[in-house]
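Here are a few exercises to work through with the model open in your viewer. Try each task before you read its solution.

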Amino acid sequence: MEVIHVSAECYPVAKAGGLGDVVGALPKYQNQAGHIAKVVMPMYKTKFLTNHEWEVVHKGYTNLGNWWFTYTIIKESKNVLGFDLYLVDVNGLLDREKIYGYDDDPERFTAFQICVVDWISAWEHRPDIIHVHDYHAGLIPFMVKYCYRYQHLQNIPTVLTIHNAQYQGWMGWDKSSFIPAWDSWKQGMLEWKGSINPLASGVKCAWKVTTVSWSYLDELRSAANGLEALFEYEKGKCSGILNGIDTHVWDPSTDTYIENHYGADDAEEGKMKNKKILCATFDLDINKPLIAFIGRLVGEKGADLLPQAIGDSFHHIGRTMNFLILGSGFPEVESALESLKVYGQGDYNAYIGYNESLSHLIYAGADFILMPSRVEPCGLNQMYAMRYGTVPMVRNTGGLRDTVIDYGDEGGYGIRFNYAAVGDVTQAIWRAVELYKDTEKLKEVREKMMRLDFSWETSVGHYIDLYKSL
Ligand code: ADP
Ligand code: GLC
């Protein structure tokens, strides 16, 4: 089976979060299972671009409304990622340093999608599946179904995977002319609540829709940033397929970002060596449990709860634990976390920014990973943490609910709490401190987690079954 994945991110080419990790891993495991999976993404100005060799495979000429432009599709020559990787080069529009965050993102991602469909339409054969990820590729199912010039692609099944329904790519109707001439009777297939909504359009037009965990799919019917009724209506074609993790990249016994490797049998010593480096670098106390947070400092992740929950913990539980934060996002949260450095000195520190190698060291050296998420479609941090013997402390939502069982419950190994509220987070911190004191229990929990299987193989099977059903 031949599948082409369309995405705005793909690790290690360009990653802003878990979408990149998933698109960098899923196709590799699909190939290993005997299928042909390829990835196409925008050509940003990245280190990966300059450090690898490329060949031009296609040049095309197309338009975004009245603006006609040439685009180039380049392919990475050596197959270093374990799948064919294609980049779409549109001069001046896509070749920028950041992935997102420009005023003309609607133009950028619409142009990207047009180029992808235009390129596929020039292939001598048809792929078996076009698999699009999130809103940045959400207009493609509409384009292949209803744009006159792509009618010959109409029969290719499309699958939309939703990694995050908070972001939908809303565009005003003034931008409708960007989409190549389409059947105007189908306007409703682009629209949600008065504007063009690429994510909603993807849900309406894709043959199948998947979310990255089962619980998240349930939750979308009551909380989907305005799309609740749509998910209820389309539930027949939606299913949840849990993400896996790339166990080649995320393996504490071989991880190229850390110096001190370890496995389930020598986790205690291995983790301690990594913790020592973290504590020395960030002026933390190695004798106290180290609770870390890694992620985008946004409301979805509950990052705004951290400053008060940390302050309250020091105040009510005592200075019996350390905290280390790695993240960037809302300026108010960043500055609150920065300010806390004075009060928390010696037991608290924060690195504001994105740092891939530090994230690996934290998974390896921390004792606990805190995830007070309000919304978590799947969450990869908790799975990485568990593989590194680091106990996840998670809010009971989405993929966190599907992957973490509280250590107090039968067969459990993590810490779960119900509300994204300071009180619940503080109580979870107290439970972490208590668990840390119980060295035997902690050891047992660690070993159990490290032997869990979060590899991609099972999920790949579910995706292939879904493709076959189409
Ligand atoms: P999301 O995609 O919503 O941000 P996930 O849990 O799926 O959440 O994935 C987050 C990914 O991004 C993980 O690989 C995590 O380690 C990484 N990450 C997030 N913030 C940072 C950061 N500041 N520095 C390094 N890695 C980060
Ligand atoms: C999104 C979600 C996250 C998920 C990731 C990969 O960014 O916020 O929960 O793990 O996509 O699917």
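A polar contact here is a pair of N or O atoms within 3.5 Å. Keep in mind that this is a predicted model.

**Exercise 1. Find which residues are closest to ligand 1, and work out where ligand 1 lies relative to the two domains.**

Step 1: Start with the shell. Ligand 1 is surrounded by 20 residues, and the closest are Gly18, Asp21, Arg296, Lys301 and Tyr363.

Step 2: Look for polar contacts. An N or O atom in the side chain of Asp21 sits 2.7 Å from an oxygen atom of ligand 1, and that distance is within the 3.5 Å cut-off. The backbone joins in too: a polar backbone atom of Leu380 is 2.9 Å from an oxygen atom of ligand 1, and a nitrogen atom of ligand 1 is 3.0 Å from a backbone N or O atom of Asn355.

Step 3: Check how much of the ligand is covered. On its own, ligand 1 exposes 560 Å², and the protein buries 93% of that.

Step 4: Ask which elements build the shell. Two or more residues each come from α1, β12, β13 (322-329), α11 (356-365) and α12 (381-387).

Step 5: Sort the shell by character. You should get 6 nonpolar, 9 polar and 5 charged residues.

Step 6: Place it. Ligand 1 lies between domain 1 (2-244 + 457-469) and domain 2 (264-450), because both give residues to its shell.

**Exercise 2. Now do the same for ligand 2: which residues are closest, and which helix gives the largest share of its shell?**

Step 1: Ligand 2 has 13 residues around it, with His163, Asn243, Glu376, Cys378 and Gly379 the closest.

Step 2: Go through the polar contacts. A backbone N or O atom of Gly379 lies 2.7 Å from an oxygen atom of ligand 2. For Cys378, a polar backbone atom is 3.0 Å from an oxygen atom of the ligand. Asn164 uses its side chain instead, with a polar atom 3.5 Å from an oxygen atom of ligand 2.

Step 3: Work out the cover. Ligand 2 has 310 Å² of accessible area on its own, and the protein covers 93% of it.

Step 4: Name the helix. Helix α1 (residues 18-32) gives the largest share of the shell, 3 residues.

Step 5: Split the shell by type: 6 nonpolar, 5 polar and 2 charged residues.

Step 6: Place this ligand as well. Domain 1 and domain 2 both contribute to the shell around ligand 2, so it lies between them.

**Exercise 3. Is strand β6 (residues 129-133) largely enclosed or open, and which strands pair with it?**

Step 1: Count the buried residues, meaning those under 20% relative accessible area. In β6, 5 of the 5 residues are buried, so the strand is largely enclosed by the rest of the structure.

Step 2: Take one face at a time. Ile129, His131 and His133 are buried on one side, and Ile130 and Val132 are buried on the other.

Step 3: Find the pairing with β1. These two strands run parallel and are joined by 4 bridges. Ile4 is opposite Ile130 in β6.

Step 4: Find the pairing with β7 (residues 158-162). It is also parallel, over 4 bridges. Here His131 faces Val159 in β7.

**Exercise 4. Hunt for backbone oddities: where is the cis peptide bond, and which non-glycine residues such as Asn225 have a positive phi?**

Step 1: Check omega. The bond from Tyr11 to Pro12 is cis, with omega near 5 degrees. Pro12 belongs to the loop between β1 (2-6) and α1.

Step 2: Check phi. Asn225 has a positive phi of about 50 degrees although it is not a glycine, and Asp283, also not a glycine, has a positive phi near 55 degrees.

Step 3: Locate both. Asn225 is in the loop between α6 (214-220) and α7 (228-233), while Asp283 is in the loop between α8 (267-282) and β12 (290-297).

Step 4: Judge the exposure. Asn225 counts as partly exposed at 37% relative accessibility. Asp283, with a relative accessible area of 44%, is partly exposed.

Methods: Residues numbered from 1 in each chain as written. Chains lettered and ligands numbered in written order. Predicted model: local features only at pLDDT ≥ 70, side-chain atom pairs only at ≥ 80, totals over all residues. Heavy atoms only, no water. Near = heavy atom within 4 Å. Polar contact = N/O pair within 3.5 Å; in protein donor to acceptor, adjacent residues only side chain to side chain. Areas by Shrake-Rupley, 256 points an atom, 1.4 Å probe, with all protein chains shown as cover. Nonpolar A, V, L, I, M, F, W, Y, C, P; charged D, E, K, R; others polar. Domains from an automatic or database assignment. Buried < 20%, exposed > 50% of the residue type's maximum accessible area, 1.4 Å probe, protein only. Pairing = 2+ DSSP bridges.
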